[in-house]
Amino acid sequence: MTTTDHRTYRLGVLHGDGIGPEIVPSSVKIVDAAIAAAGVSPIEWRELPLGFSAIDEYGSHTPEITLKALDDLDGWLLGPHDSAAYPEPYKSQLNPSGTIRKQFGLYANIRPAKAFPGGNAVVDGTDLVIARENTEGFYADRNTYRGTGEMMPTADVAIMHGIITRAATERIAHSAFQLATRRRNKVTIVHKANVLKMTTGLFRDVCREVAEQYPQVEVDDFHIDAMTVHLVRRANDFDVIVTENMFGDILSDLAGEIAGSLGIAPSVNSSDTHAMAQASHGSAPDIAGRDVANPIAMNLSSAMLLDWLSGKHDDPRLADAARRIDAAVTETVVGGTRTRDLGGTASCSAFTDAVVAAIQAA
Ligand code: ATP
């Protein structure tokens, strides 16, 4: 018996906006099934307010009560938010995921793009991971202690600042290289050092320095604009891609779509002490409330969170639960149960039930 045998993990549930209240409960059901199959005590879930409903009830899209509670949990599932549709002043504030990432210093946003057989991939066999620096770079709203890092000195002039630091670049580079050693031993650094010479030049150079500590990993680097072309043309040549915040956000949407659909693109945001599962896509208000959203991205993000917790608590049963989710999702898609974005007709809830059944039958 190991010391973790009777441990009960406590996870937060933040439904968020748009399709969040559909894809997050789907993930809770699937995690419950996988945890039971792996012989782990049931998860203690804690629902917390976020987004539109939190604005109505607490006057904040990410209330203090949520932030305080998260600090006490083993991890959490964050649904998407439709912050562009929030009323002022909430719309102009740092958005919910930015607020949480900043509060907990979740510096590594790991975003895999993996094609499913028969899953509508633009490039069959795509299997890469983007390691996106999550705390600074060209998202100005992450770069200040207070305020958003953007300003308008006059009604017709807008200014923002970008920040790249050695410390933040070193830690995301280590995350990327460590990840590559567990995959195909290749890292591609993405920057724009021909134009943004000092900032993204520093990013590239620090990543190259860190690379020297991982001699078994092959390294190359590309400008962000060239990289979009390479991704479309030869996605299969890439393993781990490391880049700054905004480039990583944009590139991961492209990579998700190349792998089949934004609806299958998962991610985990982590520091050395906290982790949060979050689909790479947004709240998809255009399809919300109709039970047609693809829950795969959120399902696989939740599996990534279990995998991260497995490493943190040295509890291989959680990695086993994560593998069960991955396998059941793939089996369900390959078996022909697919949501609309993957060319199928299954509803979000029917897809979820099929994945739960696959976990229970395995
Ligand atoms: P954000 O800025 O919050 O990331 P966005 O503007 O990138 O949001 P999304 O909400 O991600 O936009 O939606 C982009 C498109 O992808 C929409 O047409 C949406 O319906 C579709 N989409 C996103 N997520 C899913 C999903 N889980 N299932 C099906 N379609 C999705």
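Biologist: What makes A284 count as partly exposed?

Modeller: Its relative accessible area is 21%. Buried means under 20%, exposed means over 50%, and partly exposed is in between, using a 1.4 Å probe and protein chains only. A284 therefore lands in the middle class with its 21%. Bear in mind that this is a predicted model, where local features need pLDDT of at least 70, side-chain atom pairs count only at pLDDT 80 or more, and totals for chains, interfaces and linings use all residues. Residues are numbered from 1 along each chain as its sequence is written, and side-chain values use heavy atoms, with hydrogens and water left out.

Biologist: Where is A284 found?

Modeller: In the loop between strand 12 (275-278) and helix 9; helices (H or I, at least four residues) and strands (E, at least two) are DSSP runs, numbered from the N terminus. A284 has a positive phi of about 40° without being a glycine. Most residues other than glycine have a negative phi.

Biologist: Which residues come nearest to the ligand?

Modeller: H281, G282, A284, D286 and N294, out of 13 around the ligand. "Near" here asks for a heavy atom within 4 Å.

Biologist: How do you know that G282 has a polar contact with the ligand?

Modeller: A polar contact is a pair of N or O atoms within 3.5 Å; within protein, one must be able to donate a hydrogen and the other to accept it, and residues adjacent in sequence count only if both atoms are side-chain atoms. A backbone N or O atom of G282 sits 2.7 Å from a ligand oxygen, so the pair passes the cut-off. The side chain of H281 has an N or O atom 3.2 Å from a ligand nitrogen, and for N294 a backbone N or O atom is 2.9 Å from a ligand nitrogen. The protein buries 60% of the 620 Å² that the ligand exposes taken alone, with areas from the Shrake-Rupley method.

Biologist: Why is helix 9 called largely enclosed?

Modeller: Because 15 of its 18 residues are buried. Helix 9 covers residues 296-313 and reaches 25 Å from first C-alpha to last, close to the 26 Å expected; that expectation is 1.5 Å times one less than the number of residues.

Biologist: What makes D314 exposed?

Modeller: Its relative accessibility is 65%, so D314 belongs in the exposed class. D314 is in the loop between helix 9 and helix 10, and it has a positive phi of about 50° despite not being a glycine.

Biologist: Why is N109 called buried?

Modeller: N109 has a relative accessible area of 0%, so the label fits. N109 is in strand 4 (residues 108-114). Its side chain makes a polar contact with the side chain of N269 at 3.3 Å and reaches the backbone oxygen of V268 at 3.4 Å.

Biologist: Which residues does Y139 touch?

Modeller: R132, N245, M246 and D249, leaving out residues up to four places away in sequence; touching means heavy atoms within 4.5 Å. With D249 there is also a side-chain to side-chain polar contact, at 2.7 Å. Y139 is in the loop between strand 5 (127-133) and strand 6 (150-154).

Biologist: Which residues does a cis peptide bond join?

Modeller: E88 and P89, with omega about 10°. P89 is in the loop between strand 3 and helix 4 (96-103). Most peptide bonds are trans.

Conventions: Accessible areas come from the Shrake-Rupley method with a 1.4 Å probe; for residues, only the protein chains shown count as cover.
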